[in-house]
Amino acid sequence: MFCALAAALTALPAMPPAANVAAATDALAAVARGASPRVEIVGPGVVVIDARGLARLFGQDAQVAALCRQQAADRGVPSAVAIAATRTAALLVALDGAARIASASLDPTAPGAAVTVPAGAEAAALAPLPIALIARLSGLEAGRGPREHGGQPRGKTARSRAHASAVSGLDADVPLALWRRWGLVTLGALAALPAADLFERLGAAGLGWHAMARGLDARPLVPTAEPQPFEATCAFEWPIEAIEPLAFALGRVIEPLCARLDLGGLGTVTLQTTLRLVTRELYVRRLGLPMPMRDPRVLRTLIVLDLESHPPPAGIDVLTVTFEPVGGRIVQPSLLARAHPRPETIATLTARLRAVMGDGRVGCPVALDTHRGGAIGMRPFGGLTAGGLLAVAETPAVAERPAAVEAETAAAARLTLRRFRSPPPVRVDLDRGRPVRVRSLESRRLPRLGAVRQAAGPWRSSGDWWRTGSAAFDGDLAMAASADGAAVPLLRPVAIESVWQPDPSVWSDEPATAWDDDEWDVVVESGCALRLARDRRRDRWVVAALID
Amino acid sequence: MQAARLHIEALLRARRLDRTVTDACAPPEPVRSVPTGLPWLDPRLAGGWPCGETSEIVGPASSGRTSLMTASLAAATARGDLAALIDTHDTFDADSAQAAGLTLDHLLWARGDPAGVPRPHVLLERAIKAFGLVLEAGGFAVVALDLGDVSSSDLARLPFTTWRRLQRFVEGRDTVALVLAPTPVARSARGVTLELSASTATAVWVGESRRARRLAGLSLSAHVRTARRL
């Protein structure tokens, strides 16, 4: 026997639809799991229980149905309950009841909201029901939940949905309009048609719909695994003060979690370490991983490196590690491309480099969308994707390109700059507006420079003056006119966040203040080739870059 | 006498020190090379930078050393390989590197923090430690360490075992360890040292008129130093 519970979704109190449906599904799942361990969440707001053997605990089928309906109502979910010998019949009757409750043609507390179909009478019980229920149930079985109720059913994987669709043959769209033209209104009318003729006209899906209308099951009940938190805790008898002994405890905590991930074919993309300190405070560190991982040694190393970079302020009493499980990573390596480091290796390497070089100092360079000289951003380094590998395997070798193209590329590649993030100031002597001598004002950073042998320029570059928050130039005391006409000094502008790169994964320490520079490329007598920049507002010269 | 010599050679071979002493006796192993990215330079290096060795680019400022390093990184990323740059003084310029053909997505960039570290030798130690970590991890075709702004005196203070230890990380791998420095410090026994020189004639100018004149690049003049037969 199967017991189906269907929530009357539109009868729920006004809430955001997604939260509404999720809460109703969770409530029904809780009611179902209170009755039986074999529970399948069919879709949003629809649950089926394997009701065999419940009579010894809860009484006859009618009592079980009434109990489930009452418990669902106690949780604030008006629902219809149906018990039948087949899963399909129970679902169709329950869906019909839920639709009637939603349309206010059935009182959720009335006996009609908890129906028991005797064994062998499924076809008769289904006969008067509207044929549109087939479309509703087919959508649930194929994983196509109603769009207005949040899409995919919870707790089912794509693989199980595909399997269900393949078994039942219900993945095709239900031809309700065609059936209406045929004059079919009820499930009984569809069940009365010859199966062979239906197969000739609608294919294998037609047979599936025909069986559904007669209350026959296309597949057995597949219990939905109850989500279990991937969390482990270790309480220490004595507080741990150092990271090294904590690493041993981490190993004991992480390894069982990783074994569970391995069994489920899962990986984690987030590591959360919660430390309860001797000061009764909670110290939480959260790490995002570039790919799903489940190697305990890698995960432990990442946590240890993170805690070494950000040590807790006091001794540790309790350690808790929480994973956020997702589907495992499936990789097909190429036999033709060079082997690249695994994501685990790259994650560990970048964590180690961060511990050495500092936070925000390791990643992948990004050219920002601005004309400001030397502006640069960073984003996390993720190595190469599988798609990248295949694309690279088809790229022709560089040496096969024509010689003329190669020469041109080589010449263009030779102008490479070494940027000064804090440009050293210089004194520049001018002759008719052109630099003739450059003197270093920071001899430790720039050696003797001397007379200018060759120069080219100036090239003017300005920008970000239009941006709100960068109204004045950095270092200036901007003036504004007050109501009585007197000049009023404005506050010194503060650098705002970099806004040139819309990608949220990119970070940059470049200020978005306005700039207005004249740039010169010069070669001085010492042999150095420099890119000089003159701030036009402050008439100040700096060496923006060394041409090398 | 012969037995004693063979015994000494066996001991050197066991400790992997035979390459520097007994090259004349042992047959040389073939060395796989990686292109430098500059076609005119590769024939002079017998195909490019030797894999599994530490090579270096040496020269003063504006001698084209950064261009050469960037070209080597760009050639690696153009082949679809990963490259890494340990940027000791945070001088990397993304625009010019991209113009040189470097695929930024394939580059792991570890940048020093000269403003946040008061003493230069701390900056240098961190960079060398990061260099060792990347070499030890493996999987990168070219790993470059930019010491171009480190003074020769700071480099001279490093223990001589530093470079030997780093060389052990890269030995036997398909990785080129590349060091850019003002003076020769790091070349391994079968690596290459490219000495570049700078002068006012190094700059290449284009444009006839004064207004149209611009600096197009630097012409490289390289002197190759290596212990291996090219």
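**Exercise 1. Locate Asp90(B) in the chain, and state what is unusual in its phi and whether it is buried or exposed.**

Step 1. In this predicted model, Asp90(B) belongs to the loop that runs between E4 and helix H4 (94–99) of chain B.

Step 2. The phi of Asp90(B) is near 55°, which is a positive value in a residue other than glycine. Most residues other than glycine have a negative phi.

Step 3. A residue is buried if 20 or more other C-beta atoms lie within 10 Å of its own. Asp90(B) has 24 C-beta neighbours inside 10 Å and therefore counts as buried.

**Exercise 2. Carry out the analysis for Asp464(A), and then describe the peptide bond from Gly457(A) to Pro458(A).**

Step 1. Asp464(A) is situated in the loop between E15 and strand E16 (479–481) of chain A.

Step 2. Its phi is near 60°, a positive value in a residue other than glycine.

Step 3. Asp464(A) counts as buried because it has 20 C-beta neighbours inside 10 Å.

Step 4. Pro458(A) is placed in strand E15 (residues 450–463) of chain A. The peptide bond that joins Gly457(A) to Pro458(A) is cis, with omega near 0°. Most peptide bonds are trans.

**Exercise 3. Describe the open sheet of nine strands and the packing of helix H3 of chain B on the sheet.**

Step 1. The strand order is E11(A)-E10(A)-E5(B)-E4(B)-E6(B)-E7(B)-E3(B)-E8(B)-E11(B), and the pairing is mixed.

Step 2. At the edges stand strand E11 (376–379) of chain A and strand E11 (222–226) of chain B, each of which pairs on one side only.

Step 3. Direction ignored, neighbouring strands of the sheet are turned by 25° against each other on average.

Step 4. Strand E8 (residues 192–196) of chain B pairs with E11(B) in the antiparallel sense, over five bridges. Within this pair, Leu196(B) stands opposite Ala222(B).

Step 5. Helix H3 (residues 65–78) of chain B packs on the sheet, and its direction makes about 160° with that of E6(B). Of the 14 residues in H3(B), 13 are buried. After H3(B) comes Gly80(B), with a positive phi near 90°.

**Exercise 4. Which residues touch the most other members of the largest nonpolar core?**

Step 1. This core has 129 residues, and those that touch the most other members are Val134(B), Val142(B) and Leu178(B).

Step 2. Helix H5 (residues 120–137) of chain B gives the most to the core, with 10 residues.

Step 3. Among the residues that Leu178(B) touches are Trp49(B), Ile57(B), Met69(B) and Val142(B).

Key:
Residues numbered from 1 in each chain as written. Chains lettered and ligands numbered in written order. Predicted model: local features only at pLDDT ≥ 70, side-chain atom pairs only at ≥ 80, totals over all residues. Pairing = 2+ DSSP bridges. Helix = DSSP H or I, 4+ residues; strand = E, 2+ residues; numbered from the N terminus. Axes fitted to C-alpha atoms, helices over the stretch in contact; angles between N-to-C directions. Contact = placed C-beta atoms within 7 Å. Buried ≥ 20, exposed ≤ 12 C-beta atoms within 10 Å, placed from the backbone. Core = buried A, V, L, I, M, F, W, Y, C linked by C-beta atoms within 7 Å. Lists of a residue's contacts leave out its neighbours within four places in sequence.
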